[in-house]
Every structure is written in structure tokens, then in C-alpha cells.
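User: Please take a close look at the sheet in this model and at the charged and nonpolar contacts that go with it. One connected account is enough.

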Amino acid sequence: MPAKSGKQYIERIDTQTVPCWYKGELVTGKRSEHFAFAGLMKTQAKLYDLQNDPQWIDTMTYSSPTDGKPVGMSFLPPTSVDDLRRRREAMSVWSGMHHGFLGRSPDYMNTAIMAFYTGADILAELSPQYVENLKNYYAYCRDNDITLSHAFIQPHASKISGQLDATEDAIAAKVVERTNEGLIINGAFMMATQAATSDEILVYPSPSPAPFDDENPFAFAFAVPNDLPGISLICRDTYASESKFNYPLSSRYEEMDNIVIFDHVLVPHDRIFFAGNEEMSSRLFTGSHFHIHAGHQVLCRYIAKTEFVLGTIQLLADTLDQAAETHVVEKTARVLAGLESLKALAVAAEVGAITDERGFVLPAPKPLMAANLLYPKLYPEMIEILQLLGSSGVIMVPQEEEFRSDIAPHLDTYLRGSDMVSQERTALFRLIWELGAGSFGGRQTQFERFFFGNSITVSNRLYSASSKDYSYRQLVRDFITNTGTSL
């Protein structure tokens, strides 16, 4: 199946049989009809529908090298700056549709598996079969438009156990048996966002140290359908609601996070990308330039989200008749500066594009890493601005039901804005409540703070990428050693 439609996406998820637990009960029936997943699936269906829309198909797809059929643009391995532009345009269209609130929209993992594909040859020193497995899996995802989730992070108890306990006793994710058919895997993973609304899961944990390097049972990467026997999903509480008026964001964009349990899951040999080599875990991640390729997609999302929050701030200031207030101008200008900085970094990433050691074109790393360092501070600041401007007005906000009741005429009288009827003004404040005080908004803020790691980790990436650039040091050295010269 080439680039799929929204209907096909929903049908595929609805046929899954993976045990999925929500509030202590197994989810039964169609996933698309369960309130915890329905809103998100409808939103993602609209994203997929663009791939078959005559108006957008040339932007959202390209021809598969396998059979010439249209496939998602975010699978495209860039070999030119024009390819980077085409990828950005497609990813920006999707980001604009979900306003940046889907941190794991399908193009994120499409980009991830594309990045690993570009680095597949790194695996050759371990086994030509691993190279073939990874390249084949990428082509499978591309040509079948697989909606992919990922499991990278293990529970704290698992990580500690892998470091302290004997290998046979450790509860860290590990290979417990090697068979003719494949590897038997046990383990648990946190934060598999959208596992319950995806086709497959890419599993790539950081391995725990083992007493032997060549056959480390904790070192592996693979991808499997997420309803293989032995896999179970555990959901957190949902923030979703069916009412788009009362909960305008979570009703559309609530991405379920899952704990994924692997209980003696047989992973076929052709789905294994490497196993047993701890060093290869970091080499493939770094050598594939995962953070750079993914950072390009993420920056598109940052821009769309900033535009949405900026528009919310401006609309709030207008309806409160505060748009000309000095403190509002200053706060809004800070957001504008942040938005223009992100846009400039996107341009710089493409203008400064480089070719990697295997002939693929990378966006310039430093602008993307700068954006990754900037946004975890910019986003909470924008939310705080909404909280400050909205003040106590964000707390007492009626619901949709009141506007259909006998009390509605009083609301129409007392809750209108200078340029808004009461219901529209209330809808704005409900949006601000979800962004600034609700559970959905709280997750979004925490999510953005730690999207690519904590601030030290993100800072180290940018610092390391710049540490071998001596041009600025030399600029100053030349200046202080030639103080007698002048222009």
C-alpha cells in the first residue's frame, strides 16, 4: 500500500488485537471509537488524507523508487538541498494542521527510520544481514506507509537492575533466548507515545553494561508489529474529552503515552538491526545523524506551535483591550523575537546544508541544535505570558452546556468582549485554560522541556558540534597579536 488515506489508517488500527489496558480494564472494540484515542485518530486521519488530495499530493508525496507509487515525503532521504526544502514544506503542512501539538505525528518517526536507513552501512562490520534488515525495513515502512511508534526509555528500576544485578536476574530489557526463528525479548519501556494508535514499534534502548561486550544481551535494536504475542500496552490517564468547545486541544490532539511490556516476545531475525554489541548502539544513533534529521522535522513543529500560541496571545490582548499596553507589547515582542529566531534557524539549516560521509544531505546541525536549546525555554515563557495576561479570568470559565441552558442570556450579556460575542470569548478562554492550566497543557509544557533530553544533554550536543570550530578563537587571536595594524 502506498501513501495511505485517513480511512485506511483508522481501519488498520481498529483491527489490532494487542492487549491495551486503560484504568485497569482491557480496551475492547474499535480503538477509533474509544474516547481516549478517537480525537487523535480523527486528526491523524486528516493528515493522511492530504496525501491523496489532488491539491496537496505533489507536496506531501514523492514516487517510490520501488514501483513509482506515491509515498510520504517525510520518508525521502535527502540527497540535495532541494530535497530538504521539499521535506520541510511537507512537514510544515502537517505541523500547520495540528498546530505543533502532535509531538509524535507520523512524520517524526518516518524521519527517524529514514535517518537510520541513511546510516545502515555502519552495521556492515557486524553483519551484512543487519544492513539488509534495516534497509528492507525502511523500504517496507515507506511503501506501506507504516505508522510507527518507538520505545527507547526503560523504567528506572530496569536501568538500575541492568547495572547492578546479575545478567540472568536483571529486569532490564534483554535477550533471554536465541532461537532459529529469532530473539526472545523481555522488558518494559516507558513513554511509547502513540503505541496504541500505531502499526509498529521501533525498539532501541540504551544498553546496560554487561560483563561481555560481544554478546551483550541488553544491546539490540529491532522493529515489530505492536500486537505480536507477548506485547501489552498500559495507558496513562487520558486528558481527552469529546467536547471541542470545552476542551479544544485535548479533544483533537491528545497523544496517549504507553508503557510497553515485552513478555517473551519472539522477534524474527529479519526484523533485528543489531544485537549483542553495546558500542554499535551509540554508533548507529550518532552515525545516522538521528538528532539532526529529526531536528529538522521538530523545528517545523516548533514554528507552527509558536505561531499558534502567539496568535492566542494577540487575540487575548485584543479582547481585553490591552494590545497597546506597554507590558503587553514587551511580552508579545519576546514571543515575536522567538518566532523569527526559529524561522531564521530553519533557513540557516538549509542554507548551510552539508553532505554526510555516505552522500546524503544534512541540514546544518548547529542551527537545529540551537533551536532545540531555545525552545524548551521559549515555550514555558509563552505559556506564562498567557497565564499572566489571562489572570483570574482563566479560572472562572463556563462550559458549552451553559450556553444551551436557560442561563445563556445572562452569559451573553456579561461575558462578551469588546469585539467578541460571549460564546466566542469563552471559547478563547477555554483554549487558554487548556494551554496554561489544564492537564493537556501541563503535559505539553513538560514534553517541550525534555523533548530531546534535559538542558545539559541538549547543551552538550550544541557545544560538541561547535568545539572543533576554531575560527572564532582565531579571530580574536589574530586581533590581539596584531594590535598595531588597522584597516
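Analyst: A network of salt bridges links Arg236, Glu254, Asp257 and Arg443. The model is a predicted one. One member of the network, Glu254, is also touched by alanine 36, which has Thr238 and Met256 as further contacts once residues up to four places away in sequence are set aside. Alanine 36 sits in the loop between β2 and α2 (38-50). Its relative accessibility is 2%, so alanine 36 counts as buried. Alanine 36 lies 298 residues from arginine 334 in sequence, and their C-alpha atoms are 36 Å apart in space.

Phenylalanine 37 has contacts with Cys20, Val27, Arg31, Ala196, Thr197, Cys235 and Met256, again leaving out residues up to four places away in sequence. Met256 is thus a contact of alanine 36 and of phenylalanine 37. Phe37 also belongs to the largest nonpolar core, which has 122 residues; together with Phe222, Phe262, Phe290 and Leu299, Phe37 is among those that touch the most other members. Helix α10 (residues 290-319) supplies the largest share of this core, with twelve residues. As background, nonpolar side chains tend to be buried together in soluble globular proteins.

Now the sheet itself. The sheet is open and has six strands, in the order β2-β1-β10-β11-β7-β6, with mixed pairing. Its edge strands, β2 (25-26) and β6 (174-178), each pair on one side only. In general, the strands of a sheet pair through backbone hydrogen bonds, in either the parallel or the antiparallel sense.

The pairings can be followed across the sheet from strand β1 (residues 20-22), which is joined to β10 in the parallel sense by two bridges. Cysteine 20 has leucine 233 of β10 as its bridge partner, and Cys20 is also one of the contacts of phenylalanine 37.

On the other pairing of β10, five bridges connect β10 to β11, and these two strands run antiparallel. Here serine 232 stands opposite isoleucine 261 of β11. Strand β11 (residues 258-268) is joined in turn to strand β7 (residues 182-189) by seven bridges, with the two strands antiparallel. Isoleucine 261 has a partner in this pairing too, since alanine 188 stands opposite it. Isoleucine 261 in β11 therefore faces serine 232 and alanine 188.

The side chains of strand β10 (residues 231-235) alternate between two faces. Ile231, Leu233 and Cys235 point to one face and are buried, whereas Ser232 and Ile234 point to the other and are not buried. Cys235, from the buried set, is among the contacts of phenylalanine 37.

Next come the charged pairs, which number 23 salt bridges in the model. In general, side chains of opposite charge can pair when their charged atoms come close. In one of these bridges, the side chains of arginine 12 and aspartate 199 meet at 2.9 Å, N to O. This pair links distant parts of the chain: arginine 12 belongs to helix α1 (residues 6-14) and aspartate 199 to the loop between β7 and β8 (200-203), 187 residues apart. Aspartate 199 counts as buried because its relative accessibility, 10%, is under 20%.

A second bridge joins the side chains of aspartate 469 and lysine 366 at 3.4 Å, N to O. This pair also links distant parts of the chain, with aspartate 469 in the loop between α16 (455-467) and α17 and lysine 366 in helix α12 (residues 365-390), 103 residues apart. Aspartate 469 is partly exposed at a relative accessible area of 23%, and lysine 366 is partly exposed at 31%.

A local pair can be set beside these two. The side chains of arginine 85 and aspartate 82 form a salt bridge at 2.5 Å, N to O. Both residues lie in helix α4 (residues 81-98), three residues apart, or about one turn of the helix. Arginine 85 has 30% relative accessibility and counts as partly exposed; aspartate 82, at 37%, counts as partly exposed as well.

Last, a nonpolar patch on the surface is formed by Leu475, Val476, Phe479 and Ile480, which together have about 450 Å² of accessible area. Valine 476, one of the four, is in helix α17 (residues 471-481). Valine 476 has a relative accessible area of 46%, so it is partly exposed.

Technical notes
Residues are numbered from 1 along each chain as its sequence is written. This is a predicted model: local features need pLDDT of at least 70, side-chain atom pairs count only at pLDDT 80 or more; totals for chains, interfaces and linings use all residues. Side-chain values use heavy atoms; hydrogens and water are left out. Patches are made of residues with over 30% relative accessible area and no salt bridge: like charges are joined within 9 Å, nonpolar side chains (Val, Leu, Ile, Met, Phe, Trp, Tyr) within 5 Å. Accessible areas come from the Shrake-Rupley method with a 1.4 Å probe; for residues, only the protein chains shown count as cover. A salt bridge is a side-chain nitrogen of Lys or Arg within 4 Å of a carboxyl oxygen of Asp or Glu. Buried means under 20% relative accessible area, exposed over 50%, partly exposed in between (1.4 Å probe, protein chains only). A nonpolar core is a set of buried Ala, Val, Leu, Ile, Met, Phe, Trp, Tyr and Cys residues joined through side-chain atoms within 4.5 Å. Contact means heavy atoms within 4.5 Å. Two strands pair if DSSP finds at least two bridges between them.
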